[in-house]
Structure formats: structure tokens, C-alpha cells
Amino acid sequence: KIGDIYNKLISGFNENIEQPNCSNPSTCLFCENYVLHTDEIDLRKLLSLRKIAEMHSDLNEEMVIVKYRIDEILKQIIESNMHLTSLIHTINDEVNEGYFDENWQNILELLIDLGVQFYAED
């Protein structure tokens, strides 16, 4: 079964974390098999998800954990790839201006259509 092979919680997180599930992209961050390409596309995906989690007006425990995990991943990327620091900052600035990854933009729009509340940044 594919789920048994790919959906394994990375060590360091307890059973209170939602188990990785390939049908829920935000849980990929917690999968033992999570792979991030340190290119503009994957970094924008990661930073877009982080921004959406940050914007959620009901910053629940799950959103806090997602933000924490993304920050942890970004820290590891920068520590091992200092030359990407500028690219990460540039993409982060663009995401803060609303230039999300297309997939996460679609998900954000769907959530808004479903009535999920997000705050408006100044």
C-alpha cells in the first residue's frame, strides 16, 4: 500500500501531529520522505504555505506547528546553502506582496470562498 510506504511521520514529532497524507499537501512537511528542491518553485510553495498559515485569523495549534516546521526547514536550507539566502528573502517579499505559488493561491481562494477568515495585512 502506498500510504504505508510514503506517509511516515518524521522523527521528532509526536502522535499529536496530523499524520502525513499525500492528499493533504500541508502534511508533507512532516513526512519522513519529504523532499524540497531548493529552487524558486519549491521555495515559493513553502513560503506561500507559511504565509497562508500566518494569515489564518484563527491561528490554531496546527497552523503554529506548520509555521514552525517551515521555519525549521528554511533554517536548514540557509545553513547548508548560504547562497540561497537572498533568493529566499526575495521570494518571501514577493509572497508578502501577494505573489503566491499558483496551487496555494487556488487553495487560499477556495478557503476564502468557503468562509475561512483571514486577516488583512497593513
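Against which helices do the buried residues of α4 pack? They pack against α2 and α3, as the close-up views below set out in turn. This is a predicted model, in which local features need pLDDT of at least 70 and side-chain atom pairs count only at pLDDT 80 or more, while totals for chains, interfaces and linings use all residues. Residues are numbered from 1 along each chain as its sequence is written, and side-chain values use heavy atoms, with hydrogens and water left out.

**View 1. The chain as a whole has five helices and zero strands.**
Read along the sequence, the pattern is α-α-α-α-α, where helices (H or I, at least four residues) and strands (E, at least two) are DSSP runs, numbered from the N terminus. The mean pLDDT of the chain is 81, with 79% of its residues reaching 70 or more; pLDDT is the predictor's confidence in each residue, from 0 to 100. Among the elements, helix α1 (residues 2-6) has the lowest mean pLDDT, 52, and α4 the highest, 96. Where pLDDT is low, the predicted coordinates should not be read in detail. Of the 122 residues in the chain, 32% are buried, a term that means under 20% relative accessible area, with exposed meaning over 50% and partly exposed in between (1.4 Å probe, protein chains only). Among contacts (heavy atoms within 4.5 Å) between residues at least 6 apart in sequence, 58% join residues at least 24 apart.

**View 2. The largest nonpolar core draws on several helices.**
A nonpolar core is a set of buried Ala, Val, Leu, Ile, Met, Phe, Trp, Tyr and Cys residues joined through side-chain atoms within 4.5 Å. The largest such core holds 22 residues, of which L29, V66, I70, L74, I77 and I88 touch the most other members. At least two residues of this core come from each of α2, α3 (61-80), α4 (85-96) and α5 (102-113), and α2 gives the most, with seven residues. In soluble globular proteins, nonpolar side chains tend to be buried together. Not counting residues up to four places away in sequence, I88 touches L43, L47, L74, I77 and I78.

**View 3. Helix α2 is largely enclosed by the rest of the structure, because 12 of its 16 residues are buried.**
The buried residues of α2 include L43, L47, S48 and K51, and the buried residues of this helix pack against α3, α4 and α5. From its first C-alpha to its last, α2 reaches 22 Å, close to the 22 Å expected at 1.5 Å a residue; the expected span is 1.5 Å times one less than the number of residues.

**View 4. Helix α4 has its buried residues, I88, I91 and V95, on the same side.**
These three cover an arc of only 70° around the axis, the arc being that of the directions from the helix axis to the C-beta atoms. The 12 residues of α4 should span 16 Å, and its end C-alpha atoms are 16 Å apart, which agrees. Just after α4, G98 takes a positive phi of about 105°.

**View 5. Two buried polar residues of α2, K51 and S48, are shown with their surroundings.**
K51, in helix α2 (residues 40-55), has a relative accessible area of 4% and is therefore buried. Its side chain is joined to that of N96 by a polar contact of 3.3 Å; a polar contact is a pair of N or O atoms within 3.5 Å, and within protein one must be able to donate a hydrogen and the other to accept it, with residues adjacent in sequence counting only if both atoms are side-chain atoms. S48, with a relative accessible area of 0%, is buried. Leaving out residues up to four places away in sequence, S48 touches V95, F100, D101 and W104, and a polar atom of the S48 side chain lies 2.8 Å from the backbone nitrogen of D101. Between S48 and N96 there are 8.6 Å in space, C-alpha to C-alpha, although they are 48 residues apart in sequence.

**View 6. E40, in helix α2, is partly exposed, with a relative accessible area of 43%.**
Apart from its neighbours within four places in sequence, E40 is in contact with L87, I91 and E94. E40 and L84 are 44 residues apart in sequence, with their C-alpha atoms 9.6 Å apart in space.
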